[in-house]
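Here is a quick tour of one model, meant to be read with the viewer open. The topics are salt bridges, a charged residue in the interior, aromatic pairs and a small sheet.

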Amino acid sequence: MSKSESDKNQPFWETKTLDEMSQEEWESLCDGCGLCCLNKLQDEDTEEIVYTRVVCRYSNLETGQCSDYANRSVNVPTCVQLTKERVAEFDWLPDSCAYRLIYRGQPLPEWHPLVSGKSDSMKKAGYGITAIPVVIDNGNLDYEDYLIEKP
């Protein structure tokens, strides 16, 4: 069997680089954990990024996904759009993030919906904002009161 025939029998995330993926394939890599939506603080001196358990009001606490994904950058101007071109910059994403895993040439975890074939497998495995006691940002929170370890 030739390499191209072999590739046809393997999932796209095992045979394509992020740059080679279609927009639909790129979007499907997201497991919907919502961990990228946790508000983060950056130390001005060290540039270290620290996670909080605070999410914006558009975070769906049942699913872990954005409730208005199409308008996320308008609704929350500080929302960072993950793109193929900028994936190397996103070292603040959790180590379980599919974009980071594929970028580093690592396999997706067995609980990832693309691997398991089940949209709720990530949640059942205990990953994501549905597994963290998150707080919805009301604009008056001191984020330092809600610090957590990087998920």
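## Salt bridges and their surroundings

Asp95 comes out as partly exposed, because its relative accessibility is 44%. Keep in mind that this is a predicted model. Asp95 meets the side chain of Arg100 in a salt bridge, at 3.0 Å from N to O. Arg100 itself counts as buried, at 13% relative accessibility, so this bridge joins a buried residue to a partly exposed one. There's a further member to look for here: Asp95, Arg100 and Lys150 are linked in a network of salt bridges.

How many salt bridges are there by this rule? The count comes to five. Three of them, including the one just described, are set out below.

| Salt bridge | N to O distance | Relative accessible area |
|---|---|---|
| Lys16 and Glu25 | 2.9 Å | Lys16 29%, Glu25 15% |
| Arg100 and Asp95 | 3.0 Å | Arg100 13%, Asp95 44% |
| Lys124 and Asp120 | 3.3 Å | Lys124 68%, Asp120 32% |

In class terms, Lys16 is partly exposed and its partner Glu25 is buried. Lys124, on the other hand, is exposed, while Asp120 is partly exposed.

## A buried aspartate without a salt bridge

Now go to the loop between helix 3 (23-28) and strand 1, where you'll find Asp31. Which side chain of opposite charge is nearest to Asp31? That would be Arg104, and it's 11 Å away. A salt bridge needs the N and O atoms within 4 Å, and Asp31, although buried, has none.

What does the side chain of Asp31 reach instead? It reaches the backbone nitrogen of Cys33, at 2.8 Å. If you leave aside neighbours within four places in sequence, Asp31 is in contact with Ser96, Trp111, His112, Pro113 and Met122.

## Aromatic pairs

One of those contacts, Trp111, turns up again among the rings. Searching the whole structure gives four aromatic pairs. Among them, Phe90 and Trp92 sit edge-to-face, with 5.5 Å centre to centre and 75° between the planes. Both Phe90 and Trp92 are buried.

Trp111 and Tyr127 are stacked instead, at 4.2 Å centre to centre and 20° between the planes. This pair links distant parts of the chain, 16 residues apart: Trp111 is in the loop between helix 5 (98-103) and helix 6 (113-116), and Tyr127 is in the loop between helix 7 (121-124) and strand 4 (135-136). Trp111 is buried, with a relative accessible area of 11%, whereas Tyr127 is partly exposed at 34%.

## The sheet

Last stop: three strands form an open sheet in the order 1-2-5, with antiparallel pairing. Strand 1 and strand 5 are at the edges with a single partner strand each, so one side of each has no neighbour in the sheet.

Strand 1 (residues 40-42) and strand 2 (residues 49-52) are joined by three bridges. Here Gln42 has Ile49 as its bridge partner. The two strands form a hairpin with six residues between them, and Glu47 in the turn has a positive phi of about 65°.

On to the other pairing: two bridges join strand 2 to strand 5 (residues 147-148). Thr52 stands opposite Leu147 there.

Technical notes:
Residues numbered from 1 in each chain as written. Predicted model: local features only at pLDDT ≥ 70, side-chain atom pairs only at ≥ 80, totals over all residues. Heavy atoms only, no water. Pairing = 2+ DSSP bridges. Helix = DSSP H or I, 4+ residues; strand = E, 2+ residues; numbered from the N terminus. Buried < 20%, exposed > 50% of the residue type's maximum accessible area, 1.4 Å probe, protein only. Lys, Arg positive; Asp, Glu negative; His and termini not counted. Polar contact = N/O pair within 3.5 Å; in protein donor to acceptor, adjacent residues only side chain to side chain. Contact = heavy atoms within 4.5 Å. Phe/Tyr/Trp six-rings, centres within 6.5 Å; stacked < 30°, edge-to-face > 60°.
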